[in-house]
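I opened this notebook page to record what I looked up in the structure. The entries follow the order in which I consulted it.

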There are 2 protein chains.
Amino acid sequence: MDSFIMGLVEVAARPGMISFATGLPDNSLFDLAGVRHAVDAVLEEDGGCSLQYDSPTGFIPLREWIADRCGSELGFDVDASNVIMTNGSQECFDQLGRLFLNPGDGMVVENPGYLGALQSFSSYSPDFIPVDVTPGGIDLEQLDAALSCNPKLFYSIPNHQNPSGNSYSLDTRRQVASMIRDSGCLMIEDDAYGELGFDGRVGPTMKSMSPEDVVLTGSFSKTISPGMRVGWMVVPDWMVPMASKSVEAASLQSCTFSQRVIHRFLCKNDYDAYLVGLRNSYAEKKRFFLDAMEDALPDTVSWNNPDGGMFVWLEIPEGYDSMKVFEGCLERGLVVMPGAPFHVHGGGNAIRLNFATPTREQIIQGMSILAEVCRRM
Amino acid sequence: MDSFIMGLVEVAARPGMISFATGLPDNSLFDLAGVRHAVDAVLEEDGGCSLQYDSPTGFIPLREWIADRCGSELGFDVDASNVIMTNGSQECFDQLGRLFLNPGDGMVVENPGYLGALQSFSSYSPDFIPVDVTPGGIDLEQLDAALSCNPKLFYSIPNHQNPSGNSYSLDTRRQVASMIRDSGCLMIEDDAYGELGFDGRVGPTMKSMSPEDVVLTGSFSKTISPGMRVGWMVVPDWMVPMASKSVEAASLQSCTFSQRVIHRFLCKNDYDAYLVGLRNSYAEKKRFFLDAMEDALPDTVSWNNPDGGMFVWLEIPEGYDSMKVFEGCLERGLVVMPGAPFHVHGGGNAIRLNFATPTREQIIQGMSILAEVCRRM
């Protein structure tokens, strides 16, 4: 499957190819001028420190900013010392796998679930226990059964999940918090898309509901820049020493320059107003994308209406094969992401579509290809 | 020992404290204006791509630049596909440990050896086999005995080693290359200081002498900026797929922005002329530092005369304790780095001194403290 995905990335980059397949945010929405001003300020004001080594756990003013935001937006109070900066939130998954997983340990994952995280945890050879994700969030009966197997970790994206676009309902959050508490299982709450709710955050964080049992991972990848690789994890007190040591052993520290530039960007701009602009752009793009789906696709397929993030989840009828849809689209110049790789045990008769990156013209063209392929089946 | 070092870093940062203890390059030599021009060019010319995700193995033009330099400066030809970018060379050590070490596997390390790498490899619980480093390089008899234990990895810094400042002689390089060839042991050649030879490179790379048995790790941390976290490893063909996959699982990719900025910096400047300037500054600082040692320190202690890098290795007489020197200096406002942590099994009656970062005034003041402590013993 790895080589399939690597091949897909290459194919999607070919000139003339339309892609609904990637996990990339929209290039054109990056605030290049804002980043330039932040860079100028950092080089001017911080001088050599901006390019020097820093603390393994990260640039303290940025960690303080994140801790403040946890209080003001994410519903829980935390000290900056509990915020550990990483090379994107992907490094959090690697670190948490390293700290908690031995081969054969149980680990609960969402089904479908985020492929990059599954690949990261796979390095530590856990025994994955997939639990279905529905439009209201994770299946609670399955989760209850999974937790009875004494898993070490539970990885989840409660907001605008990659790949399905679904979010946990408030009731689901409450029940998950109650189940996870004192279960002995550490929950990883990946909040990569939490700031991209079209009408603001869709629910309280799991971390606010069960602070000692949850590690929240965050990132500026979907809001400011994925290429700057600034992620973090908010860990309980008891984890701070082990996580700090582990991050240092793995890569000394993440990028000083990126952390300072992003911190200056946050200080110099009205971040909430900036986020509103970003959310509105994505919301508008989603409406356009869903309208195009409605106009073009046959009644035999169905899809959800995500309230944030970058993805819509297209389900095709039982008995049809999403790999065939993928192949049919590819022949005609459109790349889509079949659902199978997002499932630990394969299957999943669905397709992930990224509505955020294609242009409107590409959406219209791509949708007519997708419609033709669906109709031929 | 970890908490001791973390404490030391904090102590060294206190106002008024003089530090010969860090592993930092000299802040004041960073080319801030050059970096700013490179940033401007990247944001202007690359637009959104400069902040976007990139290939897990790194920015291709930078990998091509490094491959070219391997041919022109490091004595071996290699394709850009063999160059894998990492979050500083520290990530290389973690990746190589992950790929090759199981708990209890033999691993040859230099004694004394670079602490950061030892900490990184320790995560994989190898059985370290320390081999002494002398002014001419690694002890060949001990290395021969160590290799007969079928170790998986051999980690070395042949040029201007951290901590000792020593380099391998040409004869040592030849014999090591011959011993490592077909030994079944993979050699890791950490070339972090290779470009900092005061009269240019001090010898051929081990990679050029035994390309299939050596992974060379490099970094711009000691030449352009440590805080940008741009490192790499040059791996044999057979390692490319596994290393690429492993880097992606650990952190998706290292920083796009840093890689592009450094690439633009290299293209827009005469890097060799820049390096000559840097080497001259460090050489001059070293001469000043060694003159101050000569003037101040008693005859009972001795030290080497490194031909590159950032460190000088001070040996104190048998029967005296470098931890006592450390403590005596600390009381008087000087931080030095005792030798013990650089030895797998402790010991090492020596002190690592960083001559690169203190100012001339700090060198004079610090040396008189060090002299007083040495004399009192």
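The entries below concern a pair of helices and the contact between two chains.

Entry 1. I note at the outset that this is a predicted model.

Entry 2. I looked up how helix 12 (residues 322–331) of chain A lies against helix 13 (residues 360–376) of chain A, and found that their axes come within 9 Å and cross at roughly 130°. Helix 12 of chain A is therefore oblique to helix 13 of chain A. I recorded the crossing of these two helices as right-handed.

Entry 3. I then listed the residues that make this contact. Helix 12 of chain A contributes V325(A), G328(A) and C329(A), while helix 13 of chain A contributes I369(A), L370(A), V373(A), C374(A) and R376(A). Sorted by class, the contact comprises six nonpolar residues, one polar and one charged.

Entry 4. I turned to the contact between the chains, to which chain B gives 42 residues and chain A gives 42 residues. On the side of chain B that touches chain A, I found two or more residues each from helix 2 (32–46), helix 4 (88–100), helix 5 (115–122), helix 9 (240–251) and helix 10 (256–268) of chain B. Helix 2 of chain B supplies the largest share, five residues. By class, I entered 16 nonpolar, 19 polar and seven charged residues for this side of chain B.

Entry 5. How is chain B superposed on chain A? I found a rotation of 180° with 0.0 Å of shift along its axis, at an RMSD of 0.0 Å. This is therefore the relation of a two-fold axis. I also noted that both copies use the same surface, since 100% of the contact residues of chain B recur in chain A.

Notes
Residues are numbered from 1 along each chain as its sequence is written. Chains are lettered from A and ligands numbered from 1 in the order in which they are written. This is a predicted model: local features need pLDDT of at least 70, side-chain atom pairs count only at pLDDT 80 or more; totals for chains, interfaces and linings use all residues. Axes are lines fitted to C-alpha atoms, for helices over the stretch in contact, and angles run from 0 to 180 degrees between N-to-C directions. Helices (H or I, at least four residues) and strands (E, at least two) are DSSP runs, numbered from the N terminus. Angles under 35 degrees count as roughly parallel, over 145 as roughly antiparallel, 65 to 115 as roughly perpendicular and the rest as oblique. A crossing is left-handed if the near helix is turned anticlockwise from the far one by less than a right angle, and right-handed if clockwise. Two residues are in contact if their C-beta atoms, placed from the backbone, lie within 7 Å. Ala, Val, Leu, Ile, Met, Phe, Trp, Tyr, Cys and Pro count as nonpolar, Asp, Glu, Lys and Arg as charged, and the others, Gly among them, as polar. Copies are superposed by least squares on the C-alpha atoms of residues with pLDDT of at least 70 in both.
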